[in-house]
Amino acid sequence: MEKFIWAFIVGGAICVIAQLMMDIFRLTPAHTTSTLVVVGAILGGFGLYEPLIKFAGAGASVPISSFGNALVKGALAEAERHGIIGVLTGIFEVTSAGVSAAIIFGFMGALVFKPKG
């Protein structure tokens, strides 16, 4: 039960930070999303995001900041195995499932609903 509470608090805090970025700093949603990905990548690069995921579970692994962590995690793992070329292949290997799912579900949603624009 305690794990659910911390997941809610940490995930909610990430969302509050994003909302404050848009409200106070007048950042667009794209700038806010990009910033959260970069922050997640930086925290992941310094090894600080994995302990947050262990502590908060889905509260830290579901938000967009986890995508940045996944990019760095994959790049570093493949760089150890294959050198500099592993940086590029690692990024695509770890995140390809998430990106593919977003494209497929976005396409299916566009078929079901009438998108505007």
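This passage describes the fold, the largest pocket, a surface patch and the salt bridges of a predicted model.

The secondary structure of the protein amounts to 6 helices and 0 strands, and the order along the sequence is accordingly written α-α-α-α-α-α. The C-alpha trace extends over about 45 × 40 × 35 Å along its principal axes. The chain has 117 residues, of which 27% count as buried.

A good place to start exploring the model is its largest pocket, which holds about 200 Å³ of space. Its lining is made up of 13 residues, and those nearest the centre are Ile14, Ile17, Leu36, Val39 and Ser65. Three helices each give two or more residues to this lining, namely α1 (2–24), α2 (29–45) and α3 (49–56). In terms of residue class, the lining comprises 10 nonpolar and 3 polar residues, with no charged ones.

Turning to the surface, a nonpolar patch is formed by Met1, Phe4, Ile5, Trp6, Phe8, Ile9 and Phe55, which together offer about 840 Å² of accessible area. Helix α1 supplies the largest share of this patch, with 5 residues. Phe55, another member of the patch, is found in helix α3. Phe55 counts as partly exposed because its relative accessibility is 40%, and the partly exposed class lies between the 20% and 50% limits. Phe8, also part of the patch, has a C-alpha 8.4 Å from that of Ala58, although the two residues are 50 apart in sequence. Ala58 itself is found in helix α4 (residues 58–61) and, with a relative accessible area of 46%, is partly exposed.

Charged side chains also pair up in the model, and the structure holds 2 salt bridges. In one of them, Lys73 is joined to Glu50, with 3.6 Å between the closest N and O atoms. This pair links distant parts of the chain, since Lys73 lies in helix α5 (residues 65–82) and Glu50 in helix α3, 23 residues apart. Glu50 is partly exposed, at 27% relative accessibility.

The other salt bridge brings together the side chains of Glu78 and Arg81, at an N to O distance of 2.8 Å. Here both partners belong to helix α5 and are 3 residues apart, about one turn of the helix. Their surroundings make for an interesting pairing: Glu78 is buried, with a relative accessible area of 6%, whereas Arg81 is exposed, at 57%. These assignments follow because buried means under 20% relative accessible area and exposed means over 50%.

Technical notes: Residues numbered from 1 in each chain as written. Predicted model: local features only at pLDDT ≥ 70, side-chain atom pairs only at ≥ 80, totals over all residues. Heavy atoms only, no water. 1 Å grid on protein atoms, 1.4 Å probe; cavity = no way out; pocket = protein on both sides within 12 Å on 5 of 7 lines; lining within 4 Å. Points joined across faces, edges and corners; volume = space filled by probe spheres on them. Helix = DSSP H or I, 4+ residues; strand = E, 2+ residues; numbered from the N terminus. Nonpolar A, V, L, I, M, F, W, Y, C, P; charged D, E, K, R; others polar. Patch = residues over 30% accessible without salt bridge, like charges linked within 9 Å, V, L, I, M, F, W, Y side chains within 5 Å. Areas by Shrake-Rupley, 256 points an atom, 1.4 Å probe, with all protein chains shown as cover. Salt bridge = Lys/Arg side-chain N within 4 Å of Asp/Glu carboxyl O. Buried < 20%, exposed > 50% of the residue type's maximum accessible area, 1.4 Å probe, protein only.
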